[in-house]
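These are my notebook entries on a single protein chain. I set down each item that I looked up, together with what I found.

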Amino acid sequence: MTTTAIPAGGTSRPHNVQLGPGAMQNWSDLEHHPAGASAAQRAVVQELVRPGQRVAVVGPHSLDVITGIASQVAHLSVITRSIPDAVTIGNALLEHESVDVQCASAATLLEQPEPYDLVVALDDVTRVWSPESEPMTWAQVYDAVRRLVAPGGRLLLGVENELGLQRITSLHSRYTSDHDEDWSVTATFDASRPRSLQALIDVADGDTGSVQVLGALPIWQEQTVLVSGIDELSPELTTLLGALTLGSPAYRRVGADPTRMTRAAVLSGRLPHLCSGWILITGPTPVQAYAGAGILADDAAGRVATYTDVDGQVLRRVPGATDAIVPVSASAESLSGTALDACAAQDVAGLRALLVRYRAWLVANATDGVLSRDVADTRVDNVMLDDVGFQALAPAEDDRPLDAATWAALADLVLVIRARGSRHPWPAATDDTTMLATLGAMVGLPADGVPEGLLAAADETAGLPAHDVSGLLAVVERLTETNEALASRSRWFEERLNVREREMRARAERHRKELELAVKQQRILQDSAEDLRRSITYRAGAAIINPIRKFGGNLRP
């Protein structure tokens, strides 16, 4: 690759950074949701990385993913189009000797002299091409990335699904909004981009070796759930996938209605085919860890939990925890979904009965007032409910007191109601603390026992509103009425000002004419006085009277 110098006044760069054609000076992809941030994605990367490999990371990825790879392999090349990103990555890798950061457009990938044992491109290829170089289609960039893979090597590629559920539930479209991170040259109207699972497999069939595809959920920017064997999921794993997807923090977005749409996809059995994207793995042989049906999901502690079907039962594996069978039936549903249904139906009695049953289940699993870590993660999104009872999906980091865990579960329900814009059976003006105390009273907890700061701490993280969707719409309507009233008053004042302006202008014009008339009359009087002084009579009288006045003045005593 041809190395170019940064223009005068540009950013200095470390010795391991090389610049090539197409490098972008005033742009950063790391600021806009780089790939590899979830535990599930990192687990896939770690599954493929081997000591002694030559690895290339193409496109924006989380810094800790890049540094983690660099510490394990013989050589690492990072390819990015952004000069600021290249400088950041280069500084982060200064302690690693066999590392180079190449900053250029995707067109220069065709000039790479040496192939790699593993190529990681989890962010799709749309942010590899630079507008500073010649235009390229998705297929052309993909071919350039694929040529980096050595014979017998592997390619780990992420491809966003333009028909995924994240597009249906999103508030804003990346193709209609006007933010810097929303533009994409190779994604909008590029016919070469694969837009279905089969199209992606057909594109990858040109490579020698196996082709494996993992589905990514819930949204492209936050792929916290990965599923292998999309068409081979058992009913239990399919139900579990729906619960894990609905329970993702990524779906806590104000104003959108992701819960309704996602549940419709779950109930129709279409969720695996509406994933936000796919993780493609090519290589000489299949990766055994993803050879069958299974699910990888982030848990609340930042770990990745693996769910597989073993003889009709769901086996859960979590690092640092004991393997456990999760008794999930095909008819199970998340506790949050059932609670939101009761809220939407204004069914206070049904909601109370549900929470009382949940509290009784927690009490039954407590020993001396303490819940074990297997059931201590009491978030309503982490609990399944079927005809038999409740079941926690992922374990907590540690044991937890019963009452503290119950309050945490109820607080989480309040946050779910607020964040997902759900209807609830109380007045719209009910604040979060009052709602939490009401839920606590339903299960028999004392009203004065609400832990302080429980909701405030969660609000700081989630940025939740003070109203649900109906409340927000009421606020919008009220503000609209207020604006209309203010606009009406503004128009009235403007009309009055116009009337007064016309009156003042008429009065000023009248005064101007009166002043002109007075000036004209004054001028006439001055001319008349001047004519009088010039007359013979005035001068004769002045010649006679003036001496007499002077003489008369001298006769005074």
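**Entry 1: the cavity**

How many cavities of 30 Å³ or more does a search of the whole structure find? I note beforehand that the model is a predicted one. The search of the whole structure gave me one cavity of 30 Å³ or more. For the largest cavity I recorded about 30 Å³ of space.

I then listed the residues that line the largest cavity: Leu355, Tyr358, Arg359, Thr406, Ala409, Leu410 and Val443. Two elements, α10 (348-365) and α11 (402-419), give two or more residues each to this lining. Sorted by class, the lining has five nonpolar residues, one polar residue and one charged residue.

**Entry 2: helices α9 and α10**

I next looked at how α10 is placed against helix α9 (residues 335-344). The two axes come within 9 Å and cross at roughly 155 degrees. Angles over 145 degrees count as roughly antiparallel, and α9 and α10 are therefore roughly antiparallel to each other.

Which residues make the contact? From α9 I noted Leu335, Thr338, Ala339, Ala342 and Cys343, and from α10 Leu351, Leu354 and Tyr358. The contact of α9 with α10 consists of seven nonpolar residues and one polar residue, with no charged residues. I observe in my list that Tyr358 appears in this contact and also in the lining of the largest cavity.

**Entry 3: helices α2 and α3**

I turned to helix α2 (residues 63-70) and helix α3 (residues 83-92), whose axes come within 10 Å and cross at roughly 45 degrees. This angle makes α2 oblique to α3. The crossing is right-handed.

On the α2 side, Leu63, Ile66 and Thr67 make the contact, and on the α3 side Thr88, Ile89 and Ala92 do so. By class I recorded four nonpolar, two polar and no charged residues.

**Entry 4: the backbone**

Most residues other than glycine have a negative phi, and most peptide bonds are trans. I therefore searched for exceptions to both tendencies.

Where does a cis peptide bond occur? I found one joining Leu217 and Pro218, with omega at about 0 degrees. Pro218 lies in strand β7 (residues 210-219).

For phi, I noted His33, which is not a glycine but has a positive value of about 55 degrees. His33 sits in the loop between β1 (17-19) and α1 (39-48). Asp311, likewise not a glycine, has a positive phi of about 55 degrees. The loop that holds Asp311 runs between β11 (304-310) and β12 (313-317).

Terms used:
Residues numbered from 1 in each chain as written. Predicted model: local features only at pLDDT ≥ 70, side-chain atom pairs only at ≥ 80, totals over all residues. Heavy atoms only, no water. Axes fitted to C-alpha atoms, helices over the stretch in contact; angles between N-to-C directions. Helix = DSSP H or I, 4+ residues; strand = E, 2+ residues; numbered from the N terminus. Parallel < 35°, antiparallel > 145°, perpendicular 65-115°, else oblique. Left-handed = near helix turned anticlockwise from the far one by under 90°. Contact = heavy atoms within 4.5 Å. Nonpolar A, V, L, I, M, F, W, Y, C, P; charged D, E, K, R; others polar. 1 Å grid on protein atoms, 1.4 Å probe; cavity = no way out; pocket = protein on both sides within 12 Å on 5 of 7 lines; lining within 4 Å. Points joined across faces, edges and corners; volume = space filled by probe spheres on them.
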